[in-house]
Structure formats: C-alpha cells, structure tokens
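Visitor: I would like a close look at one part of this protein, with the cut-offs spelled out as you go. Could you walk me through it?

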Amino acid sequence: NGGYSLCHFALAAGLFVISKFIFTKKSSLCPAVSNLAKCSFGIYLVHVAVIKAISKFIMIDASPIVSSAYIFALALPISWALSYLIGKVKYLNKTVL
C-alpha cells in the first residue's frame, strides 16, 4: 500500500478541515495564508502526482537533502496552483475545496 492507509487519509482530512475552519475566517492573517488553508486539502490530493511528474521530467543529481528541498520548492506552488484552478471549476469546487 506504499505506506498509506485509510487511517492516514482520515487523519489528514480531519487536520485539513480543522485548518480550513481556523484559517479561512476573516482575520488579521495575510490573504496568502488564508488561501493556502482553503486550498490545503486540494494540495494534499494532487501533491503525489505533482511530485511523480517532477521526478520523472527533472532529474536531480544531488544529495537527498538538496533534491528534497528542490522538489518541495517546485511541488508546493504547482500543487497550490492546481488546487486553486480545480476550485474554480463549478462542479469540482465542492469536492476539492
């Protein structure tokens, strides 16, 4: 199962719902943090595919720490943008966001 189980997904979903509830309220938080909280579950859903695509098309010949940092720096904004765009689709926005 690749290290994933139903418990992991249920726990992650609960954490994302809590973060969405806490951080999407209008508060003194910056809009980027509110948007990140709103898109967090969608980011979680697409990040594995994004990481696999990055790993397939971009070969990084560096230490594991450097390559992990590089993949993170690419995967987060790409996953965030995909989650935001999926949220703009009329029928998918209730599912992902």
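Visitor: Is C39 buried or exposed, and what is its relative accessible area?

Guide: Happy to help. This is a predicted model, in which local features need pLDDT of at least 70 and side-chain atom pairs count only at pLDDT 80 or more, while totals for chains, interfaces and linings use all residues. Residues are numbered from 1 along each chain as its sequence is written, and side-chain values use heavy atoms, with hydrogens and water left out.

C39 has a relative accessible area of 1%, so C39 is buried. Here buried means under 20% relative accessible area, exposed means over 50%, and partly exposed lies in between (1.4 Å probe, protein chains only). C7 counts as exposed because its relative accessibility is 64%. With a disulfide taken as a pair of cysteine sulfur atoms within 2.5 Å, the count comes to zero.

Now for the setting of C39. Buried residues make up 20% of the 97 residues in the protein chain. The chain has four helices and zero strands, where helices (H or I, at least four residues) and strands (E, at least two) are DSSP runs numbered from the N terminus. In helix 3, the buried residues are S67, I71, A75, S79, S83 and G87.

With contact meaning heavy atoms within 4.5 Å, 55% of the contacts in the protein chain between residues at least 6 apart in sequence join residues at least 24 apart. On the outside, the protein chain exposes about 7100 Å², and carbon and sulfur atoms supply 74% of it; accessible areas come from the Shrake-Rupley method with a 1.4 Å probe, and for residues only the protein chains shown count as cover.
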